[in-house]
Amino acid sequence: MNVTAMIPMVLVSQAMHVGEIIHLPPAKVKGEMSLEESIAKRRSIREFAAKPLSIEQIGQLLWAAQGITEKDKGLRAAPSAGALYPLETYVVLPEGVYHYNPQRHELKRVLAGDRRLELQKAARDQEAIGSAPAVLVFTGVYERTAAKYGDRASRYVSIEAGHACQNVLLQATAQNLASVPVGPFEDTQVAKIINLAKNENPLYLMPVGYPME
Ligand SMILES: Cc1cc2nc3c(=O)[nH]c(=O)nc-3n(C[C@H](O)[C@H](O)[C@H](O)COP(=O)(O)O)c2cc1C
């Protein structure tokens, strides 16, 4: 049994500091909503209830984004040019900023403290970001793709962020959660807020939460 999965996020966080790991519960591959229904129901929703997401919900969203779906070859939920996987995924929670490790299906806390409001300010002050209980951030490392595809890399990496984002939107809908993709933001500010490495480019922000009643 995964004990961490049963502990509310807020309790996990109290015992944790930067560098510590949250083991995510295994993702479900069967759900209650059909793919067709999820596609039909998906809408950009920008107002969220003040209710935290569970570790299971967060794990499921991250799995949909970049989780391993074929262990032997390390293939992921979203397609990637040459299976080079240039995307990195972060989740910004009230407890801190966490980096997702797809191979281990776990989160590593990279920063402590609530960065959501700073992120909101960096993204044209859109309240969807500051008010969501979780904000996914996709970043891209262009070199990984450029090594094989040269100057088409920036195109491919952006396309891949779109694939991952759409998976999350449909997964969120299937869990009766709400989300919206956010494209406009100050790259340098976002990079600073979540402490990105120099070769990591922020591509997409995705606030996720329960829809406002
Ligand atoms: C690249 C991209 C960037 C977007 N950026 C924002 C944004 O910054 N804020 C926002 O509220 N919606 C944003 N959206 C969502 C669109 O406004 C939304 O998809 C559109 O109005 C259609 O509505 P629907 O998603 O409910 O079908 C973005 C969508 C895309 C594809």
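This report describes the ligand site, the two largest pockets and two residues with unusual backbone angles in a predicted model.

## The ligand and its surroundings

The residues around the ligand are drawn from several stretches of the chain: Arg-42, Arg-43, Ser-44 and Arg-46, then Gln-126, then the run Val-180, Pro-181, Val-182, Gly-183 and Pro-184, and finally Tyr-204. Sorted by class, this shell holds 5 nonpolar, 3 polar and 3 charged residues.

Polar contacts to the ligand involve both side-chain and backbone atoms of the protein. An oxygen atom of the ligand lies 2.5 Å from an N or O atom in the side chain of Ser-44, while a ligand nitrogen is 3.1 Å from a polar backbone atom of Pro-181, and a nitrogen of the ligand is also found 3.2 Å from a polar backbone atom of Gly-183. Taken alone, the ligand exposes 620 Å², and the protein buries 56% of that area.

## The largest pocket

Rolling a probe the size of a water molecule over the atoms shows where empty space is left. The largest pocket encloses about 730 Å³ of space and is lined by 24 residues, with Lys-30, Gly-31, Gln-60, Gln-171 and Ala-174 lying nearest its centre.

At least two lining residues come from each of helix 3 (35–41), helix 4 (55–66) and helix 8 (153–174), and helix 4 gives the most, with 5 residues. The lining of this pocket is made up of 11 nonpolar, 9 polar and 4 charged residues.

## The second largest pocket

The second largest pocket has a volume of about 180 Å³, and its lining includes Pro-26, Ala-27 and Trp-63, together with Pro-102, Gln-103, Arg-104 and His-105. Strand 2, which covers residues 68–70, gives the most to this lining, with 3 residues. By class, 5 of the lining residues are nonpolar, 3 are polar and 3 are charged.

## Two residues with positive phi

Most residues other than glycine have a negative phi. Tyr-85, although it is not a glycine, has a positive phi of about 45 degrees, and its place is in the loop between strand 3 (75–76) and strand 4 (87–93). Because its relative accessibility is 10%, which is under the 20% limit, Tyr-85 counts as buried.

Asn-195, also a residue other than glycine, has a positive phi near 60 degrees and lies in the loop between helix 9 (187–193) and strand 9 (201–209). Its relative accessibility of 53% is over the 50% limit, so Asn-195 counts as exposed.

Key
Residues numbered from 1 in each chain as written. Predicted model: local features only at pLDDT ≥ 70, side-chain atom pairs only at ≥ 80, totals over all residues. Heavy atoms only, no water. Near = heavy atom within 4 Å. Polar contact = N/O pair within 3.5 Å; in protein donor to acceptor, adjacent residues only side chain to side chain. Areas by Shrake-Rupley, 256 points an atom, 1.4 Å probe, with all protein chains shown as cover. Nonpolar A, V, L, I, M, F, W, Y, C, P; charged D, E, K, R; others polar. 1 Å grid on protein atoms, 1.4 Å probe; cavity = no way out; pocket = protein on both sides within 12 Å on 5 of 7 lines; lining within 4 Å. Points joined across faces, edges and corners; volume = space filled by probe spheres on them. Helix = DSSP H or I, 4+ residues; strand = E, 2+ residues; numbered from the N terminus. Buried < 20%, exposed > 50% of the residue type's maximum accessible area, 1.4 Å probe, protein only.
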